[in-house]
Amino acid sequence: MMLTEVTAVPGAALPVEALKDHLRMGAGFALPPGQDGLLESYLRAAMAAIEGRIAKALIQRRFSWSVEGWRDPEAQALPIAPVSALQTLTLFAVTGTPTVIPPGQFRLIADLHRPRIAGIGALLPSIPTDGRAVVEFDAGFGSDWSDVPADLQQAVLLLAAEYYEHRHDDGSASAGLPFGVVTLIERWRQVRILGGGGRK
């Protein structure tokens, strides 16, 4: 299985100004000018690290998920949450020939931790032998930074600040997330989504 971002988080949605304020409070002095691009890169890196730990998309965007078989033909768990809308379901034969499934044959079972795609009035369409299914969907807490839960906002700012403040390190520092970040994201790791069966 493979999860791919179809659209990226727009730069306008990133809390660059909030990170500047956070860094000023921590350092007690003004930041050098022309830092916006650098701060944006650390925000994206921090978001990616946290999203990978909690299997949640923070800012809403579109994803494409390719899978070679349903673990549960009644309702297949999606690999990231929260999902706001299913867009398309396409089956591909081993030859690459696509079959687009009409929207009336599948639906979203919304859930903060384990959203699922299910059939309507029947099982999910069968995936061709040696073929695959590709699901496109929108996931994220919302399109604006203000839609992200406050504890996750704080975790991103803390981690981005950590990256910024240690940008000249030689890489010998210990790996892993800072304790404060781990504490903030812990409650969002209650259900780890691995694309497994819908009822596990």
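Strands β2 and β8 run antiparallel and are joined by seven bridges; strands here are DSSP runs of E with at least two residues, helices are runs of H or I with at least four, and both are numbered from the N terminus. Two strands count as paired if DSSP finds at least two bridges between them. In this β2–β8 pairing, serine 66 sits across from valine 134 of β8. The model is a predicted one, where local features need pLDDT of at least 70 and side-chain atom pairs pLDDT 80 or more, while totals for chains, interfaces and linings take in all residues. Residues are numbered from 1 along each chain as its sequence is written, and side-chain values rest on heavy atoms, with hydrogens and water left out.

Strand β2 (residues 61–67) is mostly covered, with six of its seven residues buried. Buried stands for under 20% relative accessible area, exposed for over 50%, and partly exposed for anything in between, using a 1.4 Å probe and protein chains only. β2 also pairs with β1, antiparallel again, over four bridges, and there glutamate 5 faces phenylalanine 63 of β2.

Put together, these strands belong to an open sheet of five, ordered β1-β2-β8-β4-β5 with antiparallel pairing. The edges go to β1 (2–5) and β5 (98–100): each has a single partner strand, so one side of each has no neighbour in the sheet. On average, neighbouring strands of the sheet are turned by 25° against each other, direction ignored; the axes behind this angle are lines fitted to C-alpha atoms (for helices, over the stretch in contact), and angles between N-to-C directions run from 0 to 180 degrees.

On to β4. This strand (residues 83–92) pairs with β8 (residues 132–139) in the antiparallel sense over eight bridges, and with β5, also antiparallel, over three bridges. Leucine 91 shows up in both pairings: alanine 133 of β8 stands opposite leucine 91, and threonine 99 of β5 is a bridge partner of leucine 91 as well. Threonine 90 is bridged to valine 100 in β5. The hairpin of β4 and β5 has five residues between the strands, and in this hairpin glycine 96 adopts a positive phi near 95°.

Phenylalanine 92 belongs to β4 too and is buried, at a relative accessible area of 17%. Not counting neighbours within four places in sequence, phenylalanine 92 is in contact with Thr97, Pro98, Pro128, Gly131, Arg132 and Val134, where contact means heavy atoms within 4.5 Å. Aspartate 130 lies 38 residues from phenylalanine 92 in sequence, with 9.1 Å between the two C-alpha atoms.

Now for the packing. The largest nonpolar core holds 31 residues, and Leu19, Leu43, Ile50, Leu58, Leu152, Val156 and Ile185 have the most contacts inside it. Such a core is a set of buried Ala, Val, Leu, Ile, Met, Phe, Trp, Tyr and Cys residues joined through side-chain atoms within 4.5 Å. The elements giving two or more residues to this core are α1 (16–27), α2 (36–54), α3 (150–165) and α4 (179–185), and α3 gives the most, with eight residues. A separate core of 20 residues includes Ile80, Leu86, Leu89 and Leu91. In soluble globular proteins, nonpolar side chains tend to be buried together.

Within the largest core, isoleucine 185 is among the residues with the most contacts. Beyond neighbours within four places in sequence, isoleucine 185 touches Ile50, Arg53, Ile54, Leu152, Ala155 and Leu177.

Helix α2 also carries glutamate 51, which is buried with a relative accessible area of 9%. A polar atom of the glutamate 51 side chain lies 2.8 Å from the backbone nitrogen of leucine 58. With residues up to four places away in sequence set aside, glutamate 51 touches Lys56, Ala57, Leu58, Ile59 and Arg61.

Stepping back to the protein chain as a whole, there are four helices and eight strands, running β-α-α-β-β-β-β-β-β-β-α-α from the N terminus. Of the 200 residues, 46% count as buried. Among contacts between residues at least 6 apart in sequence, 79% join residues at least 24 apart. The chain exposes about 10,300 Å², with carbon and sulfur atoms supplying 54% of it; accessible areas come from the Shrake-Rupley method with a 1.4 Å probe, and for residues only the protein chains shown count as cover.

Definitions and conventions
A polar contact is a pair of N or O atoms within 3.5 Å; within protein, one must be able to donate a hydrogen and the other to accept it, and residues adjacent in sequence count only if both atoms are side-chain atoms.
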